[in-house]
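Reader: Please take me through one part of this model closely, the buried interior. Then set that part against the rest of the chain.

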Amino acid sequence: MADMVASPLLRMLSDRLSSLIYNSLAVKNLHLTLAEIQTLVLDAENRSEDDEALRRWLTEVKDAAYEADDVLDEFIINLSSSKFRSLFSPYQWLLRFNLQRKMKDIEGRLDALLKRRMKFQKAVPLVINRDIIPSFESNISIKVPHRETRSFISESEVFGRKEDKNILMDLLLSDSGLKFKIIPVVGMGGLGKTTLAQLIYNDEEVRYMFDKRYWVCVSQNFDVRMIGKALVETKTEASRFLMNTEETVDTIVRDELNGIRFLIVLDDVWNEDQEKWNVLQRWFSMGARGSAVLVTTRSANVAALMGTVDPHPLKPLSDDDGWLLFKNVAFSYKDEENIISRLVEIGKRLVARCNGLPLAIKTLAGLMRFKREESEWLQIKDDDIWNLPEFESSVLPALRLSYNHLPSHLKQCFAYCSIFPQGVTIGKERLIQLWIAEGFIQSSEGSRSLEDIGNDYFMELFRRSFFVEVWRDEYDEIVECQMHYLIHDLARFVASIGCSIMEGNTLHNVPEEVRHSSLVYDSYQQPTTFESLQKAKKLRTLLLFSSNLEKIPGLFLKLRSLRALDLSGSGIQKLSRSVGKLTHLRYLNLSRTYIETLPDSISKLQSLNTLELIECYNLQELPNSICELSNLRHLDIQSCCSLSHMPARIGKLRLLQKLPLFILSNIDGCGYISELEELDLRGKLEIKNLEFVDNVTDAENAKLLNKLNLRTLKLSWSQDTDVSAEMSFEVLEKLMPPQELKVLHIIDYRGTSYPSWMSNSLLQNVAEVYLVNCSCEKLPPLGQLPNLKYLYIKGMLAVETIDNEFYGGDGTIKGFPSLRQLELYDMPNLKEWWNFKSDEPLSLIKTEESSSSKKIEEFICLEFLTIKGCSNLTRLPELPNLKSLALWNCNEELLLSLDQLASLSTLVINEFRKPLHLPPGNLSFLREMTIYDCDDLLAQLVDGMKHLSSLEHLRILYCDALKSLPAGLRHLTSLHKLEIAECRELAYVPDVLDKLSSLEEFIIDGCPMLKSLPDSIRSLTRLEKLVIRRCPDLIKQLHEEGSEEWSKTAHIPRIEKEIEEYLTEEDSHSELHY
């Protein structure tokens, strides 16, 4: 068990002692004793699972080591205090004397433990598996292989569940006659119920069929309020904050679900309380007909209690499907003929032992992928853990095996994750910082940072499937993860008493031995008491999961051994000065709280590595004393919108790696931009208010070029500044970014030309560029950037022409070789957009010449183009591979360019005000078109639609003055889906629907003037779905059986219509069975 893992702690303590300048006899003796005891500890960790005496012995060793760590901390912190600095100070003499006395006591305890253990050495010979336990003296280093494949659930990564998915999809999408249906999926833990639900939740057809989808991880704590909060998480912060009473929750949730067709997934449900179900069912009844709830549960009773249809029992995987899953993970997609035949045989036996449980198979495969010798495979197959008694087998043997074969340093990192409540999303960076705060990550390699080594630890656990649900950012970097509930159960099992989750109403059960804990209670609860926390004097981690505190409870500030305190989202408004007494603190998270200032006593936290202040909207300033935190590595002040300046001398924080925001000001005593010089910042950096740089040398001294770990740089001036163009240029010229930069933002730049570094090789690795409200008359030569994939340009009011300079001029690389997406916004003076090397603007080139057979060299990868607010631009260049085009509030002549975009498949036309036909050329390539707020344009589409022979999906939205759909609809013979929404004056649909022979779905929403459908709808034999919403007169007629409108649609298999507001009270009761 991880609570019985002591070797990483001893190694960390030994490293700290080695680095101690003061090296007294007691310190030397303790270091020697640690070296002697380490081999015995490694052996005891291997044996302790079956030996109660060894577990007690390891606990005592850990207690002594933790105490030594606290003593060392106090000595180092006090030594940095001014009154202890002088070698001849009586305070320093006293400090050294106390250290020597305490170390001698601890060394005596460890020596006694060493001797006690040595008595049993002959009776129990040492057996240490060096393959899985690193040497105490060796450097711990994990070599990271290539990046894993996509971590989100996709059907290609799921085996044996196709039939189950099809059955559930049929149940979900079929018309059951009920207003809403509840479909339970029942099966034992680890069968893949959640994975199956995710496949359905993310299915394209499901996305299309439901207005909104909700995912709620329920677990054993079935709290109606918490479920309600999860359902309205997209509501405003104020709405969520008000949900403190059952009545408030009920009102907000009913409003959220009212009248929409929703899908709700309730994952891992245990509740068998009928009254709680009744509340949820009242919520569900607010939705539109066809709404559905998918429930995953391990309990047949829950399935019977809640389901409106028979539960779907999920069965274990067959041996064949189990082997496919195992092979997919263990052998990284190798063909079976390329796998050693003996390993195939052993692997299939291992799969058989997993009893068809996908989680067990995947986790075991994650272990075996690192083993290639037959002897290693046989060792796992024959391990005694497969024969564990039932009371320990509740945590699957396959999972236990994977844990047992972790190296010790990963065991403690994994067990630590047990303090996060089940189902909670865990941020990777946050987790790594917590590991660092607890001393779990030690580096002896010098050049590698603790954060990089921590990332290796995380990725190793991920590859072994201990994190089974992972979210990535747009750069495919893992940002957040979760743990499957069985993995979480394993973590809690192996962590034992050392880690715990404390519920708000059970704080009286806090064990004295707990060292890492989270405190969980809902916003409407108050913990009965914090008094029992006084017993937890050894507590080193405290994470708070609540939003109902105005200040930190005094008892929190008496937990003097704390290394990590997380109060994010807790609602506190003020940070007590007493926080300065938590001198061991390495990690403090105050994000999303209401604090306005930090006390000066923050400077006493000399060991602090991480201070998180994300989204502290009320935070007005950082105290100057924060610059005394010499060990600070992460100061995250993202989205602190009230912060007006940086503290003076912030450049003293030489270890600072994360500072995403640097705010310049003319306030006396604030930090200057030159203070960035010595900071080796990583990740993101935004420098605001550059107009306050009045000395170009200060900008040069920021030395951005030397910050090799910087990936995103955002440089901005204030919008209403009167800084000169010359000064703006000189400042930007000196803020030369590093070559490793990936993302560049330049906002409100007042210069008339661009810095030289935008025309050379410095930006070769940049993938995204954002230019907003800049004053230059030309666009920079970004076409020469070989890796640029996304370009966003907005508010460049002085730009009239896009010419050769934009493409890269005379550079060796030009024409945007990698650009996939381009967006142009609010450039009303832009008139010409040239093709590269063209001698004259496109408006003067004859159509025949522009469409010649010359090879197009620019924009060869461009697939997505958005143009909005460019009212004078009349022609697009040739874009050979463009797939999606959105034109908003532009010149109508731009539409004439469509016939030369031979790859275009998706078109959005928005806010075109003057009538115009679509171009007469071939538009047969279009598959999807959206017309938004274009009343006059739409009226002219009679002939223009002749060329849309391949159009499959047409949306007509918010055309408020439109009274009739164009008769040109008759030409859309390939149309599969037609959507009409928010056309408030629409009263007539031409009787040409019989020509739409491929139409499968027809949606009309928010057209109150429409009273009837054309008679030709009877001829739509392929129409499967008709949706009518917020069309009161039409809906009323459709519900009158035998009426003309009813008879027109009687042949359609699936009709959805909102009718609640037109029924009598008696009818409303019967609607539940409609």
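Author: Residues 24 or more positions apart account for 63% of the contacts in the protein with a separation of 6 or more. The model is a predicted one. The protein holds 30 helices and 33 strands. Of its 1074 residues, 56% are buried.

Start with helix α17, residues 397-404. Eight of its eight residues are buried, so the helix is largely enclosed by the rest of the structure. The run of buried residues in α17 begins with Pro397, Ala398, Leu399 and Arg400. Leu401, Ser402, Tyr403 and Asn404 of α17 are buried too. What lies over them? The cover on the buried residues of α17 includes α15 (358-368) and α16 (374-381). It also includes α18 (408-416) and α21 (485-495).

Next, Lys193. This lysine sits in helix α6, residues 193-201. Is Lys193 buried or exposed? Its relative accessibility is 5%, and the cut-off for buried is under 20%, so Lys193 counts as buried. Which residues does Lys193 touch, leaving aside those up to four places away in sequence? One group is Val185, Val186, Gly187 and Met188. Another is Thr296, Thr297 and Arg298. Leu314 and Tyr485 complete the list of residues that Lys193 touches. Take Thr297 from that list. Lys193 and Thr297 are 104 residues apart in sequence. Their C-alpha atoms are 7.9 Å apart in space.

Phe222 is another buried residue. It lies in a loop, between β2 (212-219) and α8 (224-231). Its relative accessible area is 5%, and under 20% means buried, so Phe222 falls in the buried class. Its contacts, not counting residues up to four places away in sequence, include Ile227. They also include Val269, Asn271, Lys276, Trp277 and Leu280. Asp268 gives a distance for this site: Phe222 and Asp268 are 46 residues apart in sequence, and 9.9 Å apart C-alpha to C-alpha.

Now a helix pair. Helix α13 covers residues 319-330, and helix α14 covers residues 341-353. Their axes come within 9 Å and cross at roughly 115°. The crossing of α13 past α14 is right-handed. On the α13 side, the contact is made by Asp319, Gly322, Trp323 and Phe326. On the α14 side, it is made by Val344, Gly347, Lys348, Val351 and Ala352. By class, this contact has five nonpolar, two polar and two charged residues.

The interior also has empty space. How many cavities of 30 Å³ or more does the count give? It comes to seven. The largest has a volume of about 90 Å³. The largest cavity is lined by 11 residues. Asp175, Arg261, Arg289, Gly290 and Arg1054 lie nearest its centre. By class, its lining has six charged, three polar and two nonpolar residues. Which element gives the most to this lining? Strand β33, residues 1054-1057, does, with three residues.

For contrast, turn to three partly exposed loop residues.

Met1009 lies in the loop between β31 (1001-1005) and β32. At 38% relative accessibility it falls between the 20% and 50% cut-offs, so Met1009 counts as partly exposed. Setting aside residues up to four places away in sequence, Met1009 touches Arg984, Glu985, Leu986 and Ala987. Pro1032 is 23 residues from Met1009 along the chain. The C-alpha atoms of Met1009 and Pro1032 are separated by 8.5 Å.

Arg1030 is in the loop between β32 (1025-1029) and α28 (1032-1038). Its phi is positive, about 55°, although Arg1030 is not a glycine. Arg1030 has 39% relative accessibility and counts as partly exposed.

Tyr958 is found in the loop between β29 (953-957) and β30 (977-981). Tyr958 is not a glycine, yet it has a positive phi of about 55°. Its relative accessibility is 37%, and Tyr958 counts as partly exposed.

Back to the interior, in brief. Helix α17 is largely enclosed by the rest of the structure. Lys193 is buried at 5% relative accessibility. Phe222 is buried, with a relative accessible area of 5%. The largest cavity has six charged residues in its lining.

Terms used
Residues are numbered from 1 along each chain as its sequence is written. This is a predicted model: local features need pLDDT of at least 70, side-chain atom pairs count only at pLDDT 80 or more; totals for chains, interfaces and linings use all residues. Side-chain values use heavy atoms; hydrogens and water are left out. Helices (H or I, at least four residues) and strands (E, at least two) are DSSP runs, numbered from the N terminus. Buried means under 20% relative accessible area, exposed over 50%, partly exposed in between (1.4 Å probe, protein chains only). Contact means heavy atoms within 4.5 Å. On a 1 Å grid over the protein atoms alone, a cavity is a set of points where a 1.4 Å probe fits but cannot get out, and a pocket is an open set with protein on both sides within 12 Å along at least five of seven lines; lining residues have an atom within 4 Å of a point. Grid points are joined across faces, edges and corners, and a volume is the space filled by probe spheres set on the points. Ala, Val, Leu, Ile, Met, Phe, Trp, Tyr, Cys and Pro count as nonpolar, Asp, Glu, Lys and Arg as charged, and the others, Gly among them, as polar. Axes are lines fitted to C-alpha atoms, for helices over the stretch in contact, and angles run from 0 to 180 degrees between N-to-C directions. A crossing is left-handed if the near helix is turned anticlockwise from the far one by less than a right angle, and right-handed if clockwise.
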